[in-house]
Amino acid sequence: MRENRSLRRALTLTLASALMWGVAHIWTGRVRTGLTLAAVWLALLSAAATVLGNAPTLLVRRLDVVVAAGAALAIAWVAVIVWSWLVIRPRRVRFGLPLLAVAGLCVMVAAPLGYASRLAYVSNEVVSTVFLADDPAPRVVTPVVDPWAGRERLNILLIGADSAANRPGARTDSMTVASVDTRTGESVLFSLPRNLQNVPVDDYPPAALLNEVFQWGEDHGKSGADLLKSTVGDILGLDVDYYAMVDMRGFAQVINAMGGVTVKVPHDIVFGAYREGLIKAGTHHLNGTQALWFGRSRTDSDDYQRMGRQKCLLNAVAEQADPLKVLRGFERIADVTKRYVSTDIPRSLVPDLIDLAPKVKDADITSLQFVPPLIRTGNPDWDLIRDKVGEALGSHTRPVAATPAAKPKADKPVNLDESCA
């Protein structure tokens, strides 16, 4: 009976020492050691509160430190638990449940920290692989009140690329500029159709389409992404700050990693390259392959209806990508991101973008698609496009030289009033 009480007390104090370092040592008269451990523990709690209070900026900027700190804390915490058990355990204790209980306590402490370190390690790989390295020259780090340096809007070109195995190069079939108010998060999405012609690029064939600009630049010794950024910027009358491009095969894998996406299909959509299936009208939970066909299919429809479905699909993914789903598929999503996403956003801007994200999510998002009957894709009226962009942004456009009015062509108007929300 006495041994059982001693054993229960030892296990209780070991558990207490896991929650507050030093308890077991103080109980056994090792007051100085116990107080030192308690002071270290309180300092660690204070540091953790500071880091979380400044997250995600500190976490993203120093992911390598997070990895090392998580592993070191796990080792130290396990060491404290084992040490506490050794100083408080009864002299005569049998191997079995008591030791298993202590081992289980160590696992409960170390496993979450180890997993957090693993996530930080994977995140660090993604940031290092996808985002551009900053200027290696040493800089003096000072507190920044406005990370956007007075810039009212941030313009990012979002590109969906189709690099099919049966043809060389990549076609940018989805091109949308997200113009974000850096103060409020309010955003406007400007979507350009893939089949715009007479694109304002020197030496570019007049009959060539906008979705061929990227590959044309690559084939002519230029950066396809930079050329497409400047071209889209000229069309919209905006300074496009950055681009982010995802291969659509990667987009399908991200949806699979999330466990699929639920969308309202406005009408039957042919599934597969050889009409081997059908996505029927109605609300459906789609896997990655189905979602990709939902966003890409033009059979029995056209480019403009496809643009509307792509917008609905992106909105559905954004709304349904809750933290739990993302966490479950995090490593798969990270792997896909490294292989299928490219951007010129610098690493130093990532924390500020993460800070801006909640504002964008809570603010209004409007969209403007430059499609018929507003714009005739064969001979677009560039001045009209810039005027509409200026109206949408309150004239936050850069001055652009006037362009001769285009001669209208008889593009067939389409009904874009479809909803898959």
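The exercises below work through helices, a loop proline, a strand and several salt bridges in one predicted model.

Residues are numbered from 1 along each chain as its sequence is written, and side-chain values use heavy atoms, with hydrogens and water left out. As the model is predicted, local features need pLDDT of at least 70 and side-chain atom pairs count only at pLDDT 80 or more, while totals for chains, interfaces and linings use all residues.

**Exercise 1. Determine how many helices and strands the chain has, and what percentage of its residues count as buried.**

Step 1: Helices (H or I, at least four residues) and strands (E, at least two) are taken as DSSP runs, numbered from the N terminus, and the chain has 15 helices and 10 strands.
Step 2: Buried means under 20% relative accessible area, exposed means over 50%, and partly exposed lies in between, with a 1.4 Å probe and protein chains only; of the 421 residues, 42% count as buried.

**Exercise 2. Compare the span of helix 5 and of helix 6 with the value expected at 1.5 Å a residue.**

Step 1: The expected span of a helix is 1.5 Å times one less than its number of residues.
Step 2: The 26 residues of helix 5 should therefore span 38 Å, and its end C-alpha atoms, 37 Å apart, agree with this.
Step 3: For the 34 residues of helix 6 the expected span is 50 Å, and the 48 Å between its end C-alpha atoms agrees.
Step 4: Helix 6 nevertheless has a kink of about 25 degrees at A110, shortly before the proline P112, where the bend at a residue is the angle between axes fitted to the seven residues ending there and the seven starting there.

**Exercise 3. Describe the surroundings of P90, in the loop between helix 5 (63-88) and helix 6 (97-130).**

Step 1: With a relative accessible area of 14%, P90 is buried.
Step 2: Contact means heavy atoms within 4.5 Å, and, leaving aside neighbours within four places in sequence, P90 is in contact with S6, L7 and A10.
Step 3: P90 and R5 lie 85 residues apart in sequence, yet their C-alpha atoms are 9.8 Å apart in space.

**Exercise 4. Establish whether T172 and S174 are buried or exposed, and which residues each one touches.**

Step 1: T172 lies in strand 2, residues 171-181, and S174 lies in strand 2 as well.
Step 2: T172 is buried because its relative accessible area is 0%, and S174, at 18%, also counts as buried.
Step 3: Beyond four places in sequence, the contacts of T172 include I159, G160, A161 and L210, whereas S174 touches L158, I159, G160 and Q310.

**Exercise 5. Count the salt bridges and place the pairs D241–R151, K229–D344 and R386–D383 in the chain.**

Step 1: A salt bridge is a side-chain nitrogen of Lys or Arg within 4 Å of a carboxyl oxygen of Asp or Glu, and by this rule the count comes to nine.
Step 2: D241 and R151 meet at 3.2 Å, N to O; this pair links distant parts of the chain, 90 residues apart.
Step 3: K229 and D344 meet at 2.7 Å, N to O; K229 lies in helix 8 and D344 in the loop between strand 9 (341-343) and helix 14 (350-362), so the pair ties together parts 115 residues apart in sequence. Both K229 and D344 are buried.
Step 4: R386 and D383 meet at 3.3 Å, N to O, and both lie in helix 15 (residues 382-393), three residues apart, about one turn of the helix.
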